[in-house]
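This report describes a structure for a reader who has not met it before. The sequence and the model come first, and the description follows.

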Amino acid sequence: MIPIWYYAGKKMSNELRSRQVPLLALAAAFSFVIMMFNVPIPGGSTGHAVGGAIIGIVLGPWAGVIAISVALILQALVFGDGGITAIAANCFNMGVVMPFVGYYVYKAISGNSEITSSRRVIAAAIAGYLSLTIAAFCTGVEFGLQPILNHTADGVPLYMPYPMSVTVPAMLGEHVLGFSFLEALITALIFAYIQRTDTTILYGENSPLQKKKQKLGASA
Amino acid sequence: MDKTIKNLAIGLVVLMILAPLGLLAVGETFGEWGNEELKDKLGYVPQGLEQLGSLWSAPMPDYAFPGGDESMGMLSIAYILSAVIGVIVCGGLLYFVGKHIAKS
């Protein structure tokens, strides 16, 4: 994770506009709070949404890495949630996978549609759904690798007791059928709100690069 | 401040007040079991976990006051306070660092 954070930090110091700063602060705070909303599912387990997709869509995936990582690290250090030895894994799954999957799925489905089109709201919802689902899948695989990599000489797992055949279906199942719908709903609601109020805060809209492209297009 | 950002911030405050709803969910997230739960489930606590568990003690484990009473009211207050701390630290940190490095 350290090289990813380093690169994300570099990227931000090059790209961050001061108008986005309150939004960045808000994004990290939002992610922290939304993860406190534990939702029960049948079977006695709980889980939560992350807000990773909408943060990636609004601020761009690299700023998303920073915002979500800050929330996750604070959770682990102060509230013992996630745990300090899992910081890197959690930051990768939720802090990297989610904003990137979210942003690129949203972009791919949106295509060249109008910024205010309803197609983009649907794109945001699907982005939210897939981002959390893929993050959960990654987590399941990482859990499943644990007993293979770390066990005592006689094969007793040192950390994660369950094998891949349990962890992947468990993580994937409860997200596909449950938490990912919540993530989709949150992503779509916030996106629709921004769409109706101020689309210029969205990443890539009105960016210097895009303005340049528009200028080139106009002069050609 | 932008009106949109202001309204989003108001939305966040509402979420913070509603946060104790997250306490209603019983059961633990997959993979986030504590030592006692693991002992119930498996009959043993994996060795490595037992050792790593003492590596760090969080000042407010599980978003509650350490040693505080376990009534719903108290837990809710601690939970909201945790949300406030989270928002101030996350938001504050990124706001100041952001302001420092941002291009106007």
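In what order do the elements of chain A run from the N terminus on? They run α-α-β-β-α-α-α-α-α-α, and chain A has 8 helices and 2 strands. Helices (H or I, at least four residues) and strands (E, at least two) are DSSP runs, numbered from the N terminus.

This is a predicted model, in which local features need pLDDT of at least 70, side-chain atom pairs count only at pLDDT 80 or more, and totals for chains, interfaces and linings use all residues. Residues are numbered from 1 along each chain as its sequence is written, while chains are lettered from A and ligands numbered from 1 in the order in which they are written.

## The two chains

Chain B has 4 helices and 0 strands, and its pattern along the sequence is α-α-α-α. The table sets out computed values for each chain. In it, the radius of gyration is taken over C-alpha atoms, and the globule rule is 2.2 Å times the number of residues to the power 0.38. A residue is buried if 20 or more other C-beta atoms lie within 10 Å of its own, exposed if 12 or fewer, and partly exposed in between, with C-beta atoms placed from the backbone.

| Chain | Radius of gyration | Radius for a compact globule | C-alpha extent along principal axes | Buried residues |
|---|---|---|---|---|
| Chain A, 220 residues | 19 Å | near 17 Å | about 70 × 35 × 30 Å | 50% |
| Chain B, 104 residues | 18 Å | near 13 Å | roughly 60 × 35 × 25 Å | 18% |

For chain A, the radius of gyration of 19 Å agrees with the value near 17 Å for a compact globule of 220 residues. For chain B, a compact globule of 104 residues would have a radius near 13 Å, but the chain has 18 Å.

Contacts along each chain can be sorted by separation in sequence. Two residues are in contact if their C-beta atoms, placed from the backbone, lie within 7 Å. In chain A, 70% of the contacts between residues at least 6 apart in sequence join residues at least 24 apart. In chain B, residues 24 or more positions apart account for 45% of the contacts with a separation of 6 or more.

## Where the chains meet

The contact between the chains takes 50 residues from chain A and 51 residues from chain B. On the side of chain A, the elements that give two or more residues are helix 1 (2–15), helix 2 (21–34), strand 1 (39–41), strand 2 (45–47), helix 4 (61–79) and helix 7 (164–197). Helix 2 of chain A gives the most, with 12 residues. By class, this side of chain A has 35 nonpolar, 12 polar and 3 charged residues. Here Ala, Val, Leu, Ile, Met, Phe, Trp, Tyr, Cys and Pro count as nonpolar, Asp, Glu, Lys and Arg as charged, and the others, Gly among them, as polar.

## Helices 1 and 4 of chain A

Helix 1 and helix 4 of chain A pack at an angle of about 120°, with their axes 8 Å apart. That angle makes helix 1 of chain A oblique to helix 4 of chain A. Axes are lines fitted to C-alpha atoms, for helices over the stretch in contact, and angles run from 0 to 180 degrees between N-to-C directions. Angles under 35 degrees count as roughly parallel, over 145 as roughly antiparallel, 65 to 115 as roughly perpendicular and the rest as oblique.

Residues of helix 1 of chain A in this contact include A:I4, A:W5 and A:A8, and those of helix 4 of chain A include A:W62, A:A63 and A:V65. The residues of the contact divide into 8 nonpolar, 2 polar and 1 charged.

## Helix 3 of chain A

Helix 3 of chain A (residues 52–59) is largely enclosed by the rest of the structure, because 8 of its 8 residues are buried. Among the buried residues are A:G52, A:I54 and A:L59. Their cover includes helix 2, helix 4, helix 5 (87–110), helix 6 (118–149) and helix 7 of chain A. Just after helix 3 of chain A, A:G60 takes a positive phi of about 95°.

## Two single residues

A:R119 lies in helix 6 of chain A and counts as partly exposed, with 13 C-beta neighbours inside 10 Å. Leaving aside neighbours within four places in sequence, A:R119 is in contact with A:S110 and A:S113.

B:I77 lies in helix 4 (residues 72–101) of chain B. With 15 C-beta neighbours inside 10 Å, B:I77 counts as partly exposed. The C-alpha atoms of B:I77 and B:I17 are separated by 9.7 Å, and the two residues are 60 residues apart along the chain.
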